[in-house]
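Thanks for making time this morning. I would like to walk you through one model, and please keep the picture in view while I talk.

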Amino acid sequence: MKGLWKYLSPFAPDISGAVEVLFKMNGLIVIIDAGGCTGNVCGFDEPRWKSEKSAIFSAGLRDLDAILGRDEAMMKKIGDVLGVMENPSFLALVGTPVPSVIATDYQALRRMGERKFGITTLTMQTTGMELYDKGQERAYLELVKTYVINGKNGKCNPGAGGEATESLMGSGKIYTKDSEFMCPETDEMPSYMRPIGIFGATPMDLLDFDTTDTIKDRAACCGGQALVFGESVRDFEEAASFRENLVISPSGLAAASYMEKKYGVPYTVRYPLPNGFELAGLAQDEIEGKKILIVHQAVLAETIRSEMERVRGSVVVDTATFFMPFAKCRTIPEEDDFIKLVTDGNYDIIIGDPMLRRACRGWNGRFVELPQFSVSGVEKQ
Amino acid sequence: MEPFYLTAKEFARRGREDFPKEESPSHALIYSSPATLSYNSPGANGYGVKRAGLAIPESVMLLVAPGCCGRNSTILSRVSGYSERMFYLLMDETDLVTGRHLKKIPQAVEEILDVPEVRPKVVVICITCVDALLGTDLVRVCKKAEERTGVHVVPSYMYALMSEGTKPPMTAIRQSVYSLLRPLRKNPHAVNLLGQFAPYDDDTEIYEMFRKVGLTKIREIGRMKTLEEYMEMGEANFNLVLNPESRYAADDLMQRLGMPYIEMNRFYDIQKIQRQYALLGGALGVKFDDAAYYEEASRALEAFKERHPKLTFAIGQTVNANPFELAAALLSYGYAVDRVFANATPADLPFITKIAEMSPDTRFYTSISPTMMNYKLEGEVDITIGKDAAWYYPEAVSVPFFSDVQPFGYKGLMRLLAETEAALSGKTEV
């Protein structure tokens, strides 16, 4: 039955994804809920909450607030909190199922926030019914549209006109011409010295032993600086001058594509795997002639697939994801679809989050654990 | 801006007439600091609504909600070992508009009954805020599912939106978990303890004292292993309410089954414990012989005071106690209580007044106040009681005193002293 989950349990929702992108940016983040959604985000989906400070609040809605649409009352509460914060970067209003039901007018909220408090107000129309990557996508887009447009480097368009070639992943594009373009208006540094921006590097998307620092190190291994979008507003402001963007999870694709179209910043799509993990921890002879299913976020799954196929042509690798698709990685909309895929696929090996084992009943192959925080919520011990 | 707090003296002076609005969670944005996560959400750690609903023996739960409402169950159910009993019917936006998810429930119930190795006898359906706003008649839906499947189908509600109404989520779920009880022939020797979802400590004196006065069938939902055993709770002569959140359930049982109830509070003040047993005996027309327990607890208390004559405490809200009563009790034993981190209600004013008399400068912080964002981890206390208080004093000796199995009465006080002693000696060894 559509919507019925008998073996698996809910994955990280869009609310958590949006908050993860905003977490480190010194904004006031208000989740428009009664308390439960915020408890889920802070208590379970945001592992940094226990060790890092961020101004995440629940609107503390009560039934009459929702029924009567008391937006003014919420804004008053927000004003009180802004009064005790030191120079917040922005006010972010993050949606939940409650505003979905009462058809909250987010545009009106944005205008209210900006007029009343004179602060950049971002709105995330998350519903709690979509998954974390959709929330991240909304947050990235909102941030690039808000900050890059108004940013000081917005007029510079260094990559525009470059010739596109297909990237390794067959989807993102790399510009090969004009790579050392120098902006004539600003005398900016040559492009090879400009930073690489990384989209999609949050705890939800990374391998459980990776951090944003390890990702930055690997992304910048060929020289220059790598910056993870979501660590400061300034990175978004300056994003138009970046050499290129690296998308390591599908949640960053829309923002990277926007940056390419609007500012000519090229992007590639791949997960920078650590040395020795190209085959998800398996040895070459273990995958020889095998049929393998990788279930994870699509970019990581596809990166591993291409590595496996590169080193062992005899292997057959399918990739699938419960989240946004990418390239050959198919979407699994429902638990029933996953069970069918496993049952009909004749796989020798399934690589995925340990929680998925529960839905693999009756399948007798080898299960290789590749934890995904957005699935099981398990932190690396 | 300094975090909001009131001294005991100020708080007591303001009284009920000028009760601070800052104590009400809906007054301001809610700050979910790591300290408060165990209690400020209805699906929180410990017994949140979903785990509580599974207190009915041989039951499973179907959460009918947007995915976000079940996300914490992904983690908590695995940790607490009830993931095999949780099922989800996830809603999408079309469901919100059309209400079609309700039509799917009977079939979903039928399908999940085939999943566990042993067929469940009860399915608890839990709905959330969106259905509160849609005005869903879950009782009717449950009846349909019951007719289709032949198992008990129990409605339950995780309405965070109603956290400050007459029937907040943890009150509502207590009513739900007793809703299957049906009237049986009254047994004058039977009593139900209504309070928590896990049992009270095995050595709690209440069991032995009750048996001595003829109350030989003492039942708690947390000890019921089968649905049959649970149903026997319907024969109780009366209910003993040990947690105010069970009052609504007790009222419901009184109306439906004609089962009266008496309330008791959990105290750590030994004089109050003694007085309360005397009052309970008076109400029941019996005399409880608690002298031996009183003596034993008194000796334990005196020995503890001798070993630790001077201690300063901070107390939190994530604790098996009313933090204000606990603070008052510790002050009455001669200790200092520097800070209490908890949301007060007008019902706490008698304790606050008593604290003000003994220690007017004790500070009461409201942990979920937005101003707590600026709270600096500083100051010195010797020991913290409560999981959340430990977060504010990472250097101090910590006694979480927060477990599923519940302390009560004289033995509860002794357990508190023993756990405190163990924590203090742990520090000495370090």
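In chain B, the loop that runs between β15 (397-399) and α17 (409-429) is where you will find F401(B), and please keep in mind as we go that what we are looking at is a predicted model. What is the sign of phi at F401(B), a residue other than glycine? Phi of F401(B) is positive, with a value near 45 degrees. To see why one might pause there, recall that most residues other than glycine have a negative phi. As for its surroundings, F401(B) counts as buried, because its relative accessibility is 2% and the cut-off for buried is under 20%.

Now let us turn to chain A, where N87(A), which is not a glycine either, has a positive phi of about 45 degrees. N87(A) also sits in a loop, this one between α4 (71-82) and β4 (91-94) of chain A. Is N87(A) buried or exposed? N87(A) is exposed, since its relative accessible area is 67% and exposed begins over 50%.

Let me step back to chain A as a whole, which has 14 helices and 16 strands. Of the 381 residues in chain A, buried residues make up 62%, while the surface that chain A exposes comes to about 14,300 Å², with carbon and sulfur atoms supplying 48% of it. Finally, if we take the contacts in chain A between residues at least 6 apart in sequence, 69% of them join residues that are at least 24 apart.

Definitions and conventions: Residues numbered from 1 in each chain as written. Chains lettered and ligands numbered in written order. Predicted model: local features only at pLDDT ≥ 70, side-chain atom pairs only at ≥ 80, totals over all residues. Heavy atoms only, no water. Helix = DSSP H or I, 4+ residues; strand = E, 2+ residues; numbered from the N terminus. Buried < 20%, exposed > 50% of the residue type's maximum accessible area, 1.4 Å probe, protein only. Contact = heavy atoms within 4.5 Å. Areas by Shrake-Rupley, 256 points an atom, 1.4 Å probe, with all protein chains shown as cover.
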